[in-house]
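Trainee: I'm new to this one, so could you take me through a single part of it up close? I'd like to hear about the pocket and the packing around it.

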Amino acid sequence: MKTLPAASVTEQLAADFAAPAALPARVTQMVDALLMDLTGICVAARNTNYVQAALQATNEPGACTLIGHAGAFNPATAALCNGTAAHGEDYDDTFEGGPVHAGAVIVPALLAATEQHALSGADFVRGIAVGCEVMCRLCLVAPKLVHKAGFHPTAVFGALGAAAGVASALRLTPKQWVDAVGIAGSMASGIIEYLAEGTWTKRMHPGWAAQAGYRAARMAQAGFSGPRTVLDGEHGFFHAFANTDAGNFTAMLDGAGTQWLCADIAFKPYACGTMAHPFIDCARKLVAEGVRPEEIARIECETAEGIVHRLWEPLAAKQQPLNGYAAKFSIPYAIAVGMLRDDAGLIDYEEHVVHDPAVRALAAKVHYVIDPDNPYPKQFSGHVKVTLKDGSAREARQGHFRGGMEQPLSSADLEAKFRANCVYGGWPAAQAERALAALRAAPSANRPDFSSLRN
């Protein structure tokens, strides 16, 4: 039997994050951007069939806001449905070292906790920061292995991150903080079989993680105990979800509490899987430089081995996705729609576009080769080489994710995205501006008022 440590990894994290402390300006700026971005995305998704189904299945009254909906709901309903809406269009934030979508889990969990327990704006913001940071740091322990084991990192890391964030916002003791994360380890779930036919389960993963993390923190607050060795124990989290007992916990703990990885969370310019974005930029660049899609005979891309099983294979299915959601996880489709429509926004993943014969014909010409030196997951890159019918070739490369650390979206970009999402979701401009004002006031409020986020 493995010898138990004097201080477990979770206890070391609690020492860094359980006690309230001032946040760096870059972190609070990230939280502000996250609140605006996710609110707009939730509004854009509010009338979708999957959000309506989740709400119908869980509709229980309470005091918490479901963004873009009338009424108030209990914390579990609000966390689950807001998390589902935030992630459902794959337009949400990402951490480049993961990838994980931290905000889509943590903001719904903290929004519910803040309203349910009348927390201050300062505790609301710190809870978001801590939850996001824990999720980002979990990515460093066993890169790529959670995906390879068949699990969705956002889902399984999210339950632990939400527990940590809510525990911090509720100002639980270090022992309770550790218990909360330990309890959440037994609530974490989320497999990636949604890839087979573009079904909806990935959409609910952040919401499920958000409500699980909230519940874990409340159970810890009430005295329920969880394993302090949930991360590094013999039967711990990474043993279960990454099939490894050799996690790099040194990387995870290095700089915790002083170096905030979440400050570099990236925001998406396109409504699809993150790793497709640099390929879309390359495709658009080639067209802007004069490549005419109708003259293309073949497209070949160099890609990372770590994304092949999610975004490239089975190739025939990725070239001809079954529906709009399946298309969000297809690089061949992303390249085709980028070339033909010069974008990959929400409307470009609607069913009439996905089944457009011209888009499908171009996607069928897209192939890949694995680049063994690709830096994924530390860096997301793109490459598109087109061979024209006359035999000539053109290519474009991009070594970074636009919206990420090397080329972040500006405040103006994010505000434009927020307003466009609100329009897409049917909100009048005045309502979008009221919501934006409430979000900006929340961090300094004694008790934030999120009523303007309802419909």
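Mentor: Sure, and one term before we start: a helix here is a DSSP run of H or I with at least four residues, and helices are numbered from the N terminus. Keep in mind too that this is a predicted model.

Let's begin with the largest pocket, which holds about 470 Å³ of space. Its lining is made of 23 residues, and Gln29, Met30, Ala33, Phe267 and Leu414 are the ones nearest its centre. Three helices each put at least two residues into that lining: helix 2, helix 20 (411-424) and helix 21 (429-441). Helix 2 gives the most, with seven residues.

Helix 2 turns up again when you look at the packing. The largest nonpolar core has 112 residues, and those touching the most other members are Ile128, Phe157, Trp177, Leu231 and Phe238. Helix 2, spanning residues 25-45, is the top contributor to this core, with 13 residues. There's also another core lying apart from it, with 48 residues, including Ala283, Val291, Val354 and Val384.

Pick out Trp177 for a moment. Leaving aside residues up to four places away in sequence, Trp177 touches Thr10, Leu13, Ala14, Phe17 and Ala18, then Val130 and Val134, and also Ala164, Ala167, Ser168 and Leu172.

Now for the rings. A search of the whole structure turns up 16 aromatic pairs. Take Phe157 and Phe238: their ring centres are 6.1 Å apart and their planes sit at 50°, so this pair counts as tilted. Phe157 belongs to helix 8 (residues 153-169) and Phe238 to helix 11 (residues 237-241), so the pair ties together parts that are 81 residues apart in sequence. Phe157 and Phe238 are both buried.

Phe238 has another partner, Phe249, and that pair is edge-to-face, at 5.8 Å centre to centre with 75° between the planes. Here the link runs from helix 11 to helix 12 (residues 249-253), with Phe238 and Phe249 eleven residues apart. Phe249 is buried, just as Phe238 is. Put the rings together and you get one aromatic cluster, formed by Phe151, Phe157, Phe237, Phe238, Phe241 and Phe249.

Last stop: rings with a charged partner. Arg203 lies over the face of Tyr325, 3.8 Å from the ring centre. Lys417 lies over the face of Tyr91, at 4.1 Å from the ring centre.

Conventions:
Residues numbered from 1 in each chain as written. Predicted model: local features only at pLDDT ≥ 70, side-chain atom pairs only at ≥ 80, totals over all residues. Heavy atoms only, no water. Core = buried A, V, L, I, M, F, W, Y, C linked by side-chain atoms within 4.5 Å. Buried < 20%, exposed > 50% of the residue type's maximum accessible area, 1.4 Å probe, protein only. Contact = heavy atoms within 4.5 Å. Phe/Tyr/Trp six-rings, centres within 6.5 Å; stacked < 30°, edge-to-face > 60°. Lys NZ or Arg CZ within 6 Å of the ring centre and 35° of its normal. 1 Å grid on protein atoms, 1.4 Å probe; cavity = no way out; pocket = protein on both sides within 12 Å on 5 of 7 lines; lining within 4 Å. Points joined across faces, edges and corners; volume = space filled by probe spheres on them.
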